Each structure stands twice: as C-alpha cells, then as structure tokens.
Amino acid sequence: MYFTDRGIEELATRRGEEEVTFEWLAERLREFVDQNPEFEVPIERLAVHLARLDDDED
C-alpha cells in the first residue's frame with residue numbers, strides 16, 4: 001500500500017456510502033486548490049483523468 005492510499009482508504013471508510021455529483025466534486029477540488037495552490041498540477045491531472053475515463057485509448 002502506498003502512503004497516499006491511507007487518505008483514499010479514509011475517504012472510502014468515512015464517506016463511501018454518500019452520493020455526490022461531479023459538480024459537487026469539482027467545487028471541492030477548486031476549494032482545495034484555492035487553499036493549496038502548490039497542488040494545482042496534480043489536481044488538474046486528476047480532474048482530466050476523471051473527465052476522460054470513457055474516451056477511447058488509441
């Protein structure tokens with residue numbers, strides 16, 4: 001398990017039963033980047049990854 005998996009596991013445990021919209025998630029990501037601008041690039045990469053999950057990989 002990677003160190004970062006701890007946060008993912010906590011998220012799944014604490015909020016795994018909740019349903020959220022992608023609009024809600026996008027707003028939380030914007031808030032996070034506003035508070036932590038040094039994470040702008042990784043958050044942008046995560047957002048693009050999630051947005052393009054269903055794209056054909058050529």
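This passage describes the helices, surface, side-chain contacts and nonpolar patch of a predicted model.

The chain contains 3 helices and 0 strands. Read from the N terminus, the order of elements is α-α-α. Helix H1 covers residues 5-15. Helix H2 covers residues 22-35. Helix H3 covers residues 40-51. The chain has 58 residues, and 7% of them count as buried. The exposed area of the chain is about 5900 Å². Carbon and sulfur atoms supply 52% of that area.

Salt bridges were examined next. The structure holds 5 of them. One joins the side chains of arginine 14 and glutamate 10, with an N to O distance of 2.8 Å. Both residues belong to helix H1. They are 4 residues apart, so about one helical turn separates them. The partners fall into separate accessibility classes. Arginine 14 has 65% relative accessibility and counts as exposed, because the exposed class begins over 50%. Glutamate 10, at 41%, counts as partly exposed.

Another salt bridge links arginine 15 and glutamate 18 through their side chains, at 3.0 Å from N to O. Arginine 15 is the last residue of the 5-15 range of helix H1. Its relative accessibility is 40%, and arginine 15 therefore counts as partly exposed. Glutamate 18 is partly exposed as well, with a relative accessible area of 42%.

Helix H2 also carries a salt bridge. Here the side chains of glutamate 27 and arginine 30 meet, with 3.1 Å between N and O. The two residues lie 3 residues apart in helix H2, so they are separated by about one helical turn. Glutamate 27 is partly exposed at 31% relative accessibility. Arginine 30 is partly exposed too, with a relative accessible area of 44%. This pair does not stand alone. Glu23, Glu27 and Arg30 are linked in a network of salt bridges.

Aromatic contacts were considered separately. The count comes to 1 aromatic pair. The pair is formed by the rings of phenylalanine 32 and phenylalanine 39. Their centres are 5.6 Å apart, and their planes stand at 45 degrees. The pair is classed as tilted because its angle is neither under 30 degrees, as in a stacked pair, nor over 60, as in an edge-to-face pair. Phenylalanine 32 has 34% relative accessibility and counts as partly exposed. Phenylalanine 39 has 38% and also counts as partly exposed. Neither ring-bearing residue is therefore classed as buried, a class that requires a value under 20%.

The surface also holds a nonpolar patch. Phe22, Leu46, Leu50 and Leu53 make up this patch, which has an area of about 390 Å². Phe22 falls within the 22-35 range of helix H2, while Leu46 and Leu50 fall within the 40-51 range of helix H3. Leucine 53 is found in the segment after helix H3. Leucine 53 has a relative accessible area of 51% and is exposed. That value passes the exposed cut-off, because the class covers values over 50%.

In summary, the predicted model is a chain of 3 helices in which 7% of residues count as buried. Its side-chain contacts include 5 salt bridges and 1 aromatic pair. A nonpolar patch of about 390 Å² lies on the surface.

Terms used:
Residues numbered from 1 in each chain as written. Predicted model: local features only at pLDDT ≥ 70, side-chain atom pairs only at ≥ 80, totals over all residues. Heavy atoms only, no water. Buried < 20%, exposed > 50% of the residue type's maximum accessible area, 1.4 Å probe, protein only. Areas by Shrake-Rupley, 256 points an atom, 1.4 Å probe, with all protein chains shown as cover. Phe/Tyr/Trp six-rings, centres within 6.5 Å; stacked < 30°, edge-to-face > 60°. Salt bridge = Lys/Arg side-chain N within 4 Å of Asp/Glu carboxyl O. Patch = residues over 30% accessible without salt bridge, like charges linked within 9 Å, V, L, I, M, F, W, Y side chains within 5 Å.
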